[in-house]
Structures are given as C-alpha cells and as structure tokens.
Amino acid sequence: MIKVSYIENMEKWRSEFSFFVPINVRFSETDMFGHVNNVSPFIYFEQARIEFLQSAGLFNNTNNDDGMPIVADLQCDYHKQMFFNEKINLYVKVNHIGNTSLDIHYMALNQKDELCLTGRGRMVYINPETGKPVPLSKTMKEKLMAKHIGNATVKF
C-alpha cells in the first residue's frame with residue numbers, strides 16, 4: 001500500500017474526490033526518457049485548481065481589491081510514470097479551510113484507474129498591496145464547502 005504523509009486512509013481519501021479535469025499529456029511535457037517531466041504535474045495542478053475554484057464561483061475576477069489567492073506551498077508525490085499522449089484525470093478537493101488559507105489535495109488517475117500522482121498545497125488569501133494574509137469571507141468558505149462532499153474541516 002502506498003504511504004503518503006498527508007493521507008491517513010488512501011481508500012477513504014480517494015473516495016472524497018468528485019471534481020476533476022481531463023489532462024492529455026503533451027509531448028512538450030515529457031523528458032528525454034519519454035515520461036512526464038517532474039515539473040509538469042505542477043502545471044496540471046494549477047490547471048485543475050483554477051478550474052475547481054472557478055466552478056465554485058471563486059476568484060473569477062482578477063481585479064479583486066479585497067484580496068487575491070496565492071500558492072504558499074505545493075507538494076507532489078509520484079506513484080506511476082505517465083507518458084506522451086496518455087490521458088489522465090486530475091482530481092481536486094479542499095481538505096481544510098482556515099481563516100486566511102485553504103489546503104487543497106490532488107489526485108491523478110490514468111485510464112486504467114491507477115494512481116499516478118498525489119499532491120497537496122496551501123493557498124493563502126492576501127491583500128495585494130501589503131502582501132499580508134486577509135480572512136476568507138464566510139461566503140467564500142460556504143462556496144468551497146458546497147464544492148466538497150468529503151470530510152474537509154473548516155474554521156468559521
């Protein structure tokens with residue numbers, strides 16, 4: 001069984017995902033060994049994260065004076081190689097919602113439903129002028145919780 005530090009129970013964790021974006025591995029995302037380059041999953045995470053947040057009705061306005069989300073940390077664990085023209089589904093869920101930040105988890109499955117990648121990252125909502133964290137609004141937290149059917153924790 002795969003052991004990942006941020007996942008207590010792999011089966012339960014996998015079952016909590018519902019939102020995903022399909023990814024088609026492009027040739028430019030592979031390395032000289034023919035498999036996906038180690039930086040490419042972070043591009044996949046970004047694409048899926050943005051689509052996930054937009055589907056929740058968040059962060060669609062790039063001129064938001066109140067604050068903006070930034071990625072504070074990002075982690076990827078590689079479980080199975082992926083190759084050019086392979087199709088994967090990149091799943092996204094919110095794992096924890098704090099006062100000024102949220103923890104997002106990622107899972108990539110290939111067409112055989114095999115686990116290829118797991119990942120997690122923290123996003124912090126900041127004031128663009130000061131760079132200091134600002135609270136997520138109650139509305140933001142509610143929209144994020146509505147998108148997540150699993151066992152996310154939230155601070156109100």
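A residue counts as buried here when its relative accessible area is under 20%, as exposed when that value is over 50%, and as partly exposed in between. With that in hand, let us walk through this structure, which is a predicted model.

Helix α2, residues 40-55, is a good place to begin. Phe45 has a relative accessible area of 0%, so it is buried. Its neighbour in the helix, Phe42, has a relative accessible area of 28% and is therefore partly exposed. These two residues are separated by about one helical turn, because they lie three residues apart in α2. Their rings also meet: the centres are 5.9 Å apart and the planes stand at 70 degrees, so the pair is edge-to-face.

Now look at the helix as a whole. The 16 residues of α2 should span 22 Å at 1.5 Å a residue, and the C-alpha atoms at its ends are 23 Å apart, which agrees. The buried residues of α2 are Ser40, Pro41, Tyr44, Phe45, Ala48, Arg49, Phe52 and Leu53. They pack against strands and a helix: β1, β2 (68-78), β3, β4, β5 and α3. After the helix comes Gly57, with a positive phi near 80 degrees.

From the helix we can turn to the strands. In β1, side chains alternate between two faces: Phe19, Val21 and Ile23 point to one and are buried, while Phe20, Pro22 and Asn24 point to the other and are not. β1 runs antiparallel to β3, and six bridges join the two. Across from Phe19, in β3, stands Val92.

β3 has a further partner in β4, again antiparallel, with nine bridges between them. Leu90 has Ala108 of β4 as its bridge partner. Three residues lie between β3 and β4, and the two strands form a hairpin. Moving on, β4 is joined by nine bridges to strand β5 (residues 115-126), and these two also run antiparallel. Here Ser101 has Val124 of β5 as its bridge partner. β4 and β5 form a hairpin as well, with four residues between them, and Asp113 in that turn has a positive phi of about 65 degrees.

How many residues of strand β4 are buried? The count is 10 of the 10 residues, from 101 to 110, so β4 is largely enclosed by the rest of the structure. Ser101, Asp103, His105, Met107 and Leu109 point one way from the strand, Leu102, Ile104, Tyr106, Ala108 and Asn110 point the other way, and all are buried. Asp103 is one residue to pause at: its relative accessible area is 6%, so it is buried. Setting aside residues up to four places away in sequence, Asp103 touches Lys93, Val94, Asn95, His96, Arg120, Gly121 and Arg122.

Much of this comes together in the interior. The largest nonpolar core has 31 residues, and Tyr44, Leu90, Val92 and Leu144 touch the most other members. The elements giving two or more residues to this core are β1, α2, β3, β4, β5 and α3 (138-147). Take Leu90 as an example: leaving aside neighbours within four places in sequence, Leu90 contacts Phe19, Phe20, Val21, Ile23, Tyr44, Phe45, Ala48, Tyr106, Met107 and Ala108. Another core, of 10 residues, lies apart from the largest one, and Val4, Ile7, Met10 and Phe17 are among its members.

Phe17 leads us to the last stop, the aromatic residues. The structure holds seven aromatic pairs. In one of them, the rings of Phe17 and Tyr91 have centres 6.1 Å apart and planes at 75 degrees, so the pair is edge-to-face. This pair links distant parts of the chain: Phe17 sits in the loop between α1 (10-15) and β1 (19-24), Tyr91 sits in strand β3 (residues 87-97), and the two are 74 residues apart. Are these two residues buried or exposed? Phe17 is buried, with a relative accessible area of 8%, and Tyr91 counts as buried too, at 15%. Both belong to one aromatic cluster, formed by Trp13, Phe17, Phe20 and Tyr91. Finally, the ring of Phe17 has a charged group over it: the charged end of Lys93 sits there, 4.8 Å from the ring centre.

How values were computed:
Residues numbered from 1 in each chain as written. Heavy atoms only, no water. Phe/Tyr/Trp six-rings, centres within 6.5 Å; stacked < 30°, edge-to-face > 60°. Buried < 20%, exposed > 50% of the residue type's maximum accessible area, 1.4 Å probe, protein only. Lys NZ or Arg CZ within 6 Å of the ring centre and 35° of its normal. Pairing = 2+ DSSP bridges. Core = buried A, V, L, I, M, F, W, Y, C linked by side-chain atoms within 4.5 Å. Contact = heavy atoms within 4.5 Å. Expected span 1.5 Å × (residues − 1).
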